[in-house]
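Q: Take me through the labels on this model one by one. For each, I'd like to see the value and the rule behind the word.

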Amino acid sequence: ENRSLDHYFGMLNEYRKTQGLPQDVDVTPSNATQLAYDKSAIFSPFHMNSMCVEDMSPYWNESHNAWNHSDHTSPVPAMDGFAHAAGGDSRIAGGFDINGQRVMGYYTDQDLPYYYFMATQFAMSDHWFSPVMTNTPANRLYSMAATSAGNVSQPLTKVNVLTIFDRLQNAGITWKNYVPDYPNGSSLKPFPAYAKYVGINIRPMNEYFTDLQNGSLPQVVFIDRDSLNGLDEHPGPGISVQKGAAYVKSIIDALMNSSAWKDSVFFLSFDEFGGVYDHVPPVKTISPDGIKPVLLPNDVCTMRNTSAGGPLDMCDFDITGFRLPNFVVSPFAKLHYVDHQNIDTTAILAFIERRFNLQPLTKRDAAQPDISAMFDFANAPNMNPPVPPDQPTNGPCYTNALP
């Protein structure tokens with residue numbers, strides 16, 4: 001949860017260089033800066049010593065502030081309000097980093113050797129965006145249904161749309177949603193599918209490992225984050241990125257060492273950027289269903305003349321969120337491959353739809369590029385991948401100081 005590509009993989013080209021590989025990832029530029037909340041300093045990227053960081057706000061207003069501080073609804077991506085948004089959030093919460101310097105912190109392969117190895121050994125995208133420029137709830141709706149049905153924050157009522165899992169069920173494709181915080185942690189909870197499938201296809205996380213051992217993994221799987229045990233990498237006290245990465249390693253290691261590996265594809269992504277700096281502006285996309293954002297009285301778009309429109313309407317769903325860390329692990333993944341197409345997380349839905357000959361859920365997933373470019377399905381699968389490195393978990397963890 002809640003990490004940007006620059007924050008995790010901004011130093012990926014330096015790592016690729018040590019491996020004798022092309023440095024072709026769109027990483028943090030050397031001149032990247034952000035102005036402090038109180039304008040007293042200019043912050044440059046810095047290496048985080050702490051594996052934990054004070055939380056930041058990626059909500060609708062703060063995300064639009066990050067996009068353009070002086071005019072939140074301008075179509076011009078100034079990308080200059082990250083520190084201001086984080087500093088304001090810290091001041092409201094009584095936090096430490098009241099000027100927002102933490103948005104420029106990054107991790108390296110020394111901190112996250114497992115992630116750096118997997119993103120380099122297999123395939124990744126350097127233009128993978130969250131579906132919408134806001135916080136977790138709406139982006140998770142998109143990841144299940146390719147729309148948020150107008151929601152830009154936590155939905156207050158049931159979201160009555162079909163999910164990818166409804167489509168799979170109707171097509172006779174086997175699937176499960178494995179949930180560490182079972183059952184309430186399921187990303188399907190806002191949808192009618194939750195009540196329909198909880199206890200049947202929506203299952204506790206430990207069943208994933210059992211199914212791998214028994215050779216009974218279904219055709220499509222969605223694994224929710226583990227917020228219950230603080231292993232989801234969400235910024236906040238006590239939440240270590242290293243412990244989260246080690247947990248992900250245990251999930252993927254189990255897959256790689258199972259009978260399912262030979263014909264599997266594993267996508268790792270984050271829900272949204274979490275308020276952390278990323279230098280690449282969100283990109284124009286397509287509104288999934290024409291439904292307009294349902295806004296509150298204090299939302300920046302409510303206070304603006306939303307009829308302004310234009311080639312890029314910052315008050316609609318025709319722009320993505322910010323870039324996310326990601327990689328694809330598979331015996332079919334192209335080795336050391338970096339994909340540069342502009343996609344968002346609904347590209348996974350489009351991949352599933354193409355694989356099983358399903359109709360798109362909305363115009364959003366229908367518009368996604370074919371990410372099969374990350375794979376080589378013509379040749380024999382790689383049945384002997386290199387052994388991933390260990391992931392340390394003993395790095396310092398504090399949120400009351402920087403770096």
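A: Let's start with what sits over helix 3: the cover on its buried residues includes helix 4 (82-93). "Covers" rests on contact, meaning heavy atoms within 4.5 Å. Helices here are DSSP runs of H or I with at least four residues, strands are runs of E with at least two, and both are numbered from the N terminus. Keep in mind that this is a predicted model, where local features need pLDDT of at least 70 and side-chain atom pairs pLDDT 80 or more, while totals for chains, interfaces and linings use all residues. Residues are numbered from 1 along each chain as its sequence is written, and side-chain values use heavy atoms, leaving out hydrogens and water.

Q: What makes helix 3 "mostly covered"?

A: Of its 8 residues, 6 are buried. They are W60, S63, H64, N65, A66 and W67. Buried means under 20% relative accessible area, exposed means over 50%, and partly exposed is in between (1.4 Å probe, protein chains only).

Q: Why is N65 counted as buried?

A: N65, which sits in helix 3 (residues 60-67), has a relative accessibility of 6%, so it falls on the buried side of the cut-off. Leaving out residues up to four places away in sequence, N65 touches H72, D80, G81, H84 and A85.

Q: How do you know that the side chain of N65 makes a polar contact, and with which side chain?

A: The partner is the side chain of H84, at 3.1 Å. A polar contact needs a pair of N or O atoms within 3.5 Å; within protein, one has to be able to donate a hydrogen and the other to accept it, and residues adjacent in sequence count only if both atoms are side-chain atoms.

Q: On to helix pairs. What is helix 9 called relative to helix 10, and why?

A: Roughly parallel, because of the crossing angle. The axes of helix 9 (residues 206-214) and helix 10 (residues 241-256) come within 10 Å and cross at roughly 15°. Axes are lines fitted to C-alpha atoms, for helices over the stretch in contact, and angles between N-to-C directions run from 0 to 180 degrees. Under 35 degrees is roughly parallel, over 145 roughly antiparallel, 65 to 115 roughly perpendicular, and the rest oblique. The crossing is also left-handed: the near helix is turned anticlockwise from the far one by less than a right angle, whereas clockwise would be right-handed.

Q: Which residues make that contact, and how do they divide by type?

A: Helix 9 brings Y208, F209 and L212, and helix 10 brings S250, I251, A254 and L255. The tally is 6 nonpolar, 1 polar and no charged. Nonpolar here is Ala, Val, Leu, Ile, Met, Phe, Trp, Tyr, Cys and Pro; charged is Asp, Glu, Lys and Arg; the others, Gly among them, are polar.

Q: And what makes helix 5 oblique to helix 10?

A: Helix 5 (residues 113-121) and helix 10 pack at about 45°, with axes 9 Å apart, and that angle is why helix 5 is oblique to helix 10. Y114, Y115 and M118 of helix 5 meet G244, A245, V248, K249, I252, D253 and M256 of helix 10. This contact splits into 7 nonpolar, 1 polar and 2 charged.

Q: Which way does the peptide bond between Y182 and P183 go, cis or trans?

A: It's cis, with omega about -5°. The L402 to P403 bond is cis as well, with omega near 5°; P403 is in the segment after helix 12. As background, most peptide bonds are trans.

Q: Why is P183 called partly exposed?

A: Its relative accessible area is 25%, so P183 earns that label. It lies in the loop between strand 7 (175-179) and helix 8 (192-197), and is in contact with Y194 and V198, setting aside neighbours within four places in sequence.

Q: What stands out about phi at H336 and N357?

A: Neither is a glycine, yet phi is positive: about 60° for H336 and about 55° for N357. In general, most residues other than glycine have a negative phi.

Q: Are H336 and N357 exposed or partly exposed?

A: H336 is partly exposed because its relative accessible area is 29%, while N357, at 70%, counts as exposed. H336 is in the loop between strand 11 (326-329) and strand 12 (337-339); N357 is in the loop between helix 11 (346-356) and helix 12.
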